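Got your viewer open? Let's take a short walk through the chains, one selection at a time.

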Amino acid sequence: MGTLKVQGLRKKYGKTTAVDGVDLAVENGEFFVVLGPSGAGKTTTLKCIAGLLEFDDGWIEIAGRNMSGVEPYHRNVAMAFESYALYPQKTVFENLASPLRSGRTGRYGAEERRRRIQTVTDTLGISHLWERFPRELSNGQRQRVALGRVLVRPADVYLLDEPLSHLDAKLRAAMRAELKQLGELADITTLYVTHDYQEALALGDRVAVLRDGRIVQVDTPEQVWHQPVDTFVARALGQPEMNLLDGRVDGGRIRVAGGTVSIPVPPALGVQQRQAVRVGLRPRDISTGADPGAEPPGRLRMRGTVRLAERLGRSVEMSVDVAGTPVIVVVSSDNARPEGDEVDLDIALEHVHVFAGGEPDVDTPRLGAAGIELGKQA
Amino acid sequence: MSTTVTGRTHEPAPVQEEPERPPSVPAWRRKARPYVLSIPAVLIIAGILYPFFLGAYYGVLNYSAINPEPIFVGLENFARVLTDSQFWGSVRVTLVFAVVATGAEMVLGVGVALLLNRASRVGRIFERVLILPLMVAPVIAGVIWGLMYNPQFGVLNYVFGLGSTFNWLSTDLALWSVILVDIWIFTPFVAILVLAGIRSLPRDPFEASEVDGASWFYTFRRLTLPMIWPYILVAVIFRFMDCLKIFDHIYVLTAGGPGAATRTLQIGAYEDSIINLNYSLGSTYMFLLWILVFITARYLVSVLGKAQRRAAGAEG
Amino acid sequence: MSTELLPGRRRFTLTSVLADLALLAWFTFALFPILWMVLLALKTSAEQTSTYFAFSPTLENFGTVLSARGTELTSVDFTSTLITSVVSCVGAVLVSLIIGVPAAYAAGRWKYRGSNDVMFTILSFRFAPELMVVVPLFVIYHQIGLFDTRVGLIWVLQLVTMPLVVWILRSYFQDLPEDLEQAALLDGYTRRRTFLTVALPLVRPGIAAAALLAFIFAWNNYVFALILTGNEANTVTVAITKFLGGGGQAYYNLTAAAAVIAALPPLILALTIQRYLVRGLSFGAVKA
Amino acid sequence: MTVRSSSFQPQNGGRRLGRRDLLKYLGVAGGGAALASLLPACGVGGGTTSDEGSAADEVSGGFDWKKAEGESIKILQTPHPYQQSFQPLLKDFTELTGIEVETELVPEADYFTKLNTELAGGSGEHDVFMIGAYFIWTYGPPGWLEDLDPWLENSSATSDEYDFEDIYEGLRMATRWDFQQGSPLGTGGQWAIPWGFETNVVAYNKAEFDRRGIKPAETFDDFIQLAIDLTDRSESRYGVAFRGSRSWATIHPGFMTQYSREGAVDYEVDGDELVAAMNSEKAVDFTRKWVELAREAGPTSWTTYEYPDATRDLGNGTAMMVFDADSATYPQNRPGESQEAGNLAWHPGPAGPDGSYATNLWTWSLAMNSASQKKLAAWLFIQWATGKEAMSDAVRESAFADPTRASVFDGAFKETLGDFPGYLETFEKVIDSTEIQFTPQTKFFETTENWAVALQDIYSGEDARSRLDALAESNTDEVNA
């Protein structure tokens, strides 16, 4: 068990910078998730922490000890690789025994080793696979073995690199739930890397969002969800992505969708007249079926036409044309409307995010200090 | 490297007031690692290659048996060789030999490797004997082929019914006939390298491609070829370099003749150094040959580098 | 999982018949000279060039070759040259493996400054035309007492074996996923242990291929062995050519018999090693 | 690395190579100066030139075969009937002298590669080696060969019974030269002792000739016609085999013999310059005919033919005649050695227009390495091997053709020639006109190989006149350079 500190980590591959000044401070026992799209530098960061990669600048401390120049096998960290990295010439049992045999993760007698492996494989439900070779396993099974190789040993820090990425959606959801319940992970400082926001939100004590080698935001899952620091983080969380509507401040209100929709702005937001802004609305925060009529306080109403309705299991994703601006809405199938219908959209103002305006494809920061929510001020 | 346990790992980990810093390796030592691993290989060969520089040094002297007290003559030998039409003739013969032989060996070697890679019963039997031609030293292969090529009693003219007037080693055919021998000896070398390469490829893309119903040719061009390209290029590099300094079996078969039809550069160098005892001139020949090989190898290696990066991308 | 990697399953289609025919054509070409050599080895001197396939076969030539003991034909015991060849070629390959595999690993695994130059230097040793180095080498070998010794052979054969081993294996190491070794490092194994227990076993097909080819090339080397050895350390390839005789009588039959015998050790090695080449150790599954 | 105690000694002053020298040679190899300092060691052997005095002078007292008892020498040879006949006799030598002899054999194709390297490397690895007379012209000037004159003249070193003059005069002359351009053979030091020799004549398939009721031709034009008549390509049979490979060795046997009989010469001596004469009228005319002969009645792959190919074709019944060394065709007639064994016979070959039987000579001789550390033992070996007794034994017990001593030829050798029809008659016909027909010169191999290449080019269709003009021009430049 131990803390993990990373400061100013920088790593270049040739001319491309993979990690560009990452700072992290993970508490003892914390389950810390790094979320980012592929190519953001997640794996590189993990490998630097594990001592597997030389980096150009920065400083890493594990359990209070400076790790510069320390070989991976002296760091007392365990890592699950995205590729599983199971030894193909060894059986599942031997794969799991490998860290226990090295002598650097503690000394274990044969009996002790067996017991530990038994415990871990029981937990992961792979006890029947001991004698199999990795090539004889399904991806899900390989995944569990890879995870087992981490859990079977004590370590200061567990590093888990996209451990669920190769699984199909159903299995992933199941594994996610299992991970959450694993006592081993609850006790030991864990750095978990994923591109899946659901994993991040579900598992993380805290979540760091990584983009182009930089940390954009570190917060609890709630905060990251409710107060994304910029449009990048906002879009990174949630599927479908948050709607971003370009608008302009006009007389204390933000007008979007060609002016047909206007939102009251609290002064604390600090926007100026004529300033370009973006309004962010999460598809699942928007509901339909509101009574047409006056806008109740603290809520935003919009009227539009359903252009496209797509069933996603029990919910339906609709693309609604609001005065020429498409707005994506996800509602339960009870509330869905057929294509071509007019529909009234409703969203609580506290779920409306305001970002600075900008060019399309350029991410812009959230406006107003943290904690300012539209609804509360209105 | 230490093999002791670092101390603190038993569960539950003891809380340490003053955490002990684990052993660390200074940056220069970590950076030196690849060099430390490579240098013995370089040294053991550089040691043996020290004479190479001496040999190159002969090139600027006028050292020969009849002139045992050599003096420095600068680039005189080079000027003499470079203005000699025989030399350029040899360059041409050498290049034709190298390009044709290497090209044919690649096509046939890759073909044989692909054919052997199918799970056919015929293939499994043949695979066992694939390497046989390599087991015969080129100098002996030259003797055996020389007997087979003989128009009077050679088995080739007999089997093919060519009569006793068909001359495999005539001015027009000799180069092609020695290339054929080279192909015979070294195609298995290419096939083995490529076969081993194919067998180390990941299976998934091929299974996917099979599921997709891709045609054989498409799979080959889009998947197999890019992935085995690095192995092919290693084979190309070795074959091409060896072909440029070809000697053994040509010397046995034609000694460079008829006329200068198969006089490769190394045969020219042999004439100067060994027969004429003019070491300086021979060294000049060989030094120029070395430069030719060096430049082509450099080029091939850079192509290889690019191919490997591309292959890494294709796999990855 | 499919047992074959490339086109087609095992079925008797037109393509597969054609493919088998193509193989048959190649191997007819590849094996005929071998067959011819074996036939030659079974002929008497009187029949060696006056007969094709009909002759009275004899094993006498093999006896003559094997019993050649410093007598009129060869000046060396043929069997002792066989031993020299085995010792020096195995030695040369082992030295190349022990020293070359780490170099190949370094080049395949790390992109260090000058890595290409180091690799190219190792390769460039193969460029030097043998005749250019062999005269000075002869003198130096004399001076340091390596002339006509197996140690001297092993050293000079590095020119043949080392580049082959290093370059072939580099490709294999490059293809080996890094994650496996990294996993081992984090399991608590030192870099050396990781290399020995994880990386090395996985490139076994590569090592087998490289070792076999290096062995064969060393075995077949002629010029170095000719010039740098005498009666003590003549290799078998040099010994074979001695049966070509001189002074009006060439014993092609003895030469062929000697060549057949000399091909046996590499052949045995090849058949032993081929298991690794053939199976490729389900290596494909390593890569995700 | 340890410095192995070996037989190798550096040449200059006989100082043993020490560890410090080794370091000097190898350790500081970076700079040019160090390279230069290695060069003499690496380069020329050289050693005893006459002004330093001969090692022979150190031998004194009465002659005794046991003078070098306990030593052991190494000799370099190529597999050859000469060497093969002597191999069983070596134990007699050891018994006689107490000197151990170790033979190393290198096949003929690579013999000179090995020998040249060794001599150029200046090692005394082998004390005695076989060479041909032409080699003296290139090995002599750098001082690689020991002058044997002082040894022959020293009665402490040479037995009274040796009788050097018993060796045919043409052969003794052939191995003696002063290395001066334009100076004839027979002057200067004795660089080797003739051991076995060959005259270049015609061997033919007598059985076939008898069946057809024909006889060998006496003029060159008849010879050509006869060869053409004997050629039947559909039967894989052709008239005459002779060398055509891309080597100096193509020129010296049949070609040079008939070339000389037709009255052509290789060089004209003009003061101390040589002028190549391969393009004289006679030479061009003859060369045309010779190449025509190769094309019409020679082996199909003539340009690869060396003497084993030629004699082999005679032996397996493919070639009806061979124009090459008598001793090279000789083994083909021994029972079991070839299909045509017993069917062969010899003939001097066509005479020249003026009746000339000028014949070119090849002699395998024994020479001593000037870098040898065991010169007395080496000389005793040469003396024994070229002596009457050993040569007679060799002739009696196996195929030693032809012995260089008149006494041995007339004695032991003639007795063995019963089954070799015409061999003796041929020999006697040509022996008086058998000598080296080449002009001695230090660029022999280079210029003579050029000559062979020219023949190949003409064979491949180039014009004889212009090709020979070009050859003569470049050879003149070369020999006078």
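Before you click anything, remember that this is a predicted model.

Start by colouring by chain, then select chain A and chain D. No contact joins these two, and their closest C-alpha atoms lie 35 Å apart. Elsewhere, 5 pairs of chains are in contact, and chains B and C share the most contacts.

So that's our next stop: select chains B and C. Chain C brings 97 residues to this contact and chain B brings 87 residues. On the chain C side, try highlighting the helices that give two or more residues, including H3 (78-109), H6 (150-175) and H12 (252-279) of chain C. Then pick out H1(C), which supplies the largest share of that side, 14 residues. Colour the chain C side by class and you'll get 67 nonpolar, 23 polar and 7 charged residues.

Now swap chain C for chain D, keeping chain B. Here 33 residues of chain B meet 38 residues of chain D. On the chain B side, go for helices H1 (27-58), H5 (138-149) and H11 (265-275) of chain B, the elements that each give two or more residues. This side of chain B splits into 19 nonpolar, 13 polar and 1 charged.

Last stop: inside chain D, select residues 444-459 (helix H19) and 464-480 (helix H20). How do these two helices pack? Their axes are 10 Å apart, at an angle of about 170°. Because that angle is over 145 degrees, H19(D) counts as roughly antiparallel to H20(D). Show side chains to find the contact: Trp451(D) and Ile458(D) are among the H19(D) residues, while Leu468(D) and Leu471(D) are among those from H20(D). The contact of these helices holds 7 nonpolar, 4 polar and 4 charged residues.

Technical notes. Residues numbered from 1 in each chain as written. Chains lettered and ligands numbered in written order. Predicted model: local features only at pLDDT ≥ 70, side-chain atom pairs only at ≥ 80, totals over all residues. Contact = placed C-beta atoms within 7 Å. Helix = DSSP H or I, 4+ residues; strand = E, 2+ residues; numbered from the N terminus. Nonpolar A, V, L, I, M, F, W, Y, C, P; charged D, E, K, R; others polar. Axes fitted to C-alpha atoms, helices over the stretch in contact; angles between N-to-C directions. Parallel < 35°, antiparallel > 145°, perpendicular 65-115°, else oblique.
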